[in-house]
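Open the model in your viewer and get ready to select things one at a time. We will go from the whole chain to its sheet, its helices and a few charged side chains.

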Amino acid sequence: MYVCISRDSRHKRSATGAKRAQYRKKRKFELGRPPASTKLGGRRIHVVRVRGGNVKHRALRLEAGNFSWGSEGVARKTRVLTVVYNASNNELVRTNTLVKGAVVQIDATPFRQWHESHYGSSLGKKKAATEEVAETKKSNSVQNKLAARQSGAALDPLLNDQFNAGRLYAVIASRPGQSGRCDGYILEGRELEFYVKKIKSRK
């Protein structure tokens, strides 16, 4: 029980500045706990018993998570490589701390593989190399299906540059210190443009 960290407001002054009288001691239901400060590394999760007998999964170290590619409607488990931006605190970027809302770089390989199998065309650096290799035989129906998919496929130039580098920008949407997971979504469109500018201005 962490008695020292308290979430009560009785110790604070009132809106007019008056000191409040202490009429009771700290209570168990007012307790707070130290931050998880989830780092990048081999998966390490502690189970914490909380109010009502419920359980929280406190991630101390994580290295991978499920990230969704919103425009394509697909999600894949992939490695988290590094933290590149955090709106609240630069220190969390320097120490590679995983928190909700942090912008991270993830491995692009699972998404490249999906794109190649779904559209039948290569992404990034592999594009030129694979075009030289003779294609495997496909039935007419499969070829027609891939052609129809390719006709409506348009990839964001910024996203294509990231596929070339093998790293994608993504935002963490889960709370690693509460759920023990590091899940999120790939940045695209105007949101990606916004964060790319922010990241460049911080360097």
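A residue is called buried when its relative accessible area is under 20%, exposed when that area is over 50%, and partly exposed in between, using a 1.4 Å probe and protein chains only. Of the 203 residues in this chain, 32% count as buried. What you are looking at is a predicted model, where local features need pLDDT of at least 70, side-chain atom pairs count only at pLDDT 80 or more, and totals for chains, interfaces and linings use all residues. Residues are numbered from 1 along each chain as its sequence is written, and side-chain values use heavy atoms, leaving out hydrogens and water.

**Stop 1: the whole chain**

Show the chain as a cartoon. It contains seven helices and eight strands; these are DSSP runs numbered from the N terminus, with helices being H or I of at least four residues and strands E of at least two. Now switch on the surface: the accessible area comes to about 13,100 Å², and 49% of it belongs to carbon and sulfur atoms. Such areas come from the Shrake-Rupley method with a 1.4 Å probe, and for residues only the protein chains shown count as cover.

**Stop 2: the barrel**

Which strands make up the closed barrel? Select strands 4, 5, 6, 7 and 8: they form a closed barrel of five strands in the order 4-5-6-7-8, with mixed pairing. On average, neighbouring strands of this sheet are turned by 50° against each other, direction ignored. Angles here run from 0 to 180 degrees between N-to-C directions, and axes are lines fitted to C-alpha atoms, for helices over the stretch in contact.

Next, colour strand 6 (residues 103-107). This strand is mostly covered, with five of its five residues buried. Two strands count as paired if DSSP finds at least two bridges between them. Strand 6 pairs with strand 5 in the antiparallel sense over four bridges, and Thr-82 has Gln-105 in strand 6 as its bridge partner. Strand 6 is also joined to strand 7 by five bridges, again antiparallel; look there for Val-103 opposite Val-171.

Keep Val-171 selected and look towards strand 8, where Tyr-185 stands opposite Val-171. Strand 7 (residues 167-172) and strand 8 (residues 184-186) run antiparallel and are joined by three bridges.

**Stop 3: helices on the sheet**

Contact means heavy atoms within 4.5 Å. Select helix 2 (residues 109-119), which packs on the sheet and touches strands 4, 5, 6, 7 and 8. The direction of helix 2 makes about 145° with that of strand 5. Then add helix 7 (residues 189-202), which lies across strands 5, 6, 7 and 8 and runs at about 25° to strand 5.

**Stop 4: the two sides of helix 5**

Which residues of helix 5 are buried? Select residues 157-165 and pick out Leu-159, Gln-162 and Phe-163. Viewed down the axis of helix 5, these buried residues fall within an arc of 105°, so they line one face of the helix; the arc is that of the directions from the helix axis to the C-beta atoms. Their cover includes strand 4, helix 2, strand 7, strand 8 and helix 7. Turn the view around: the face away from the buried side carries the exposed residues Pro-157 and Ala-165. Just after helix 5 comes Gly-166, whose phi is positive, near 80°.

**Stop 5: the salt bridges**

A salt bridge is a side-chain nitrogen of Lys or Arg within 4 Å of a carboxyl oxygen of Asp or Glu, and the structure holds five of them. Show the side chains of Asp-8, Arg-10, Arg-24 and Glu-30, which are linked in a network of salt bridges. Asp-8 meets Arg-10 at 3.7 Å, N to O, while Glu-30 meets Arg-10 at 3.0 Å. Glu-30 and Arg-10 are 20 residues apart, both in the segment before strand 1 (39-40).

Is Arg-10 buried or exposed? Arg-10 is buried, with a relative accessible area of 18%. Asp-8 is buried too, at 13%, and so is Glu-30, at 8%.

For the last selection, go to helix 1 (residues 91-94), where Glu-91 and Arg-94 lie three residues apart, about one turn of the helix. Their side chains meet in a salt bridge of 2.5 Å, N to O. Here Glu-91 is partly exposed at 40%, and Arg-94 is exposed at 61%.
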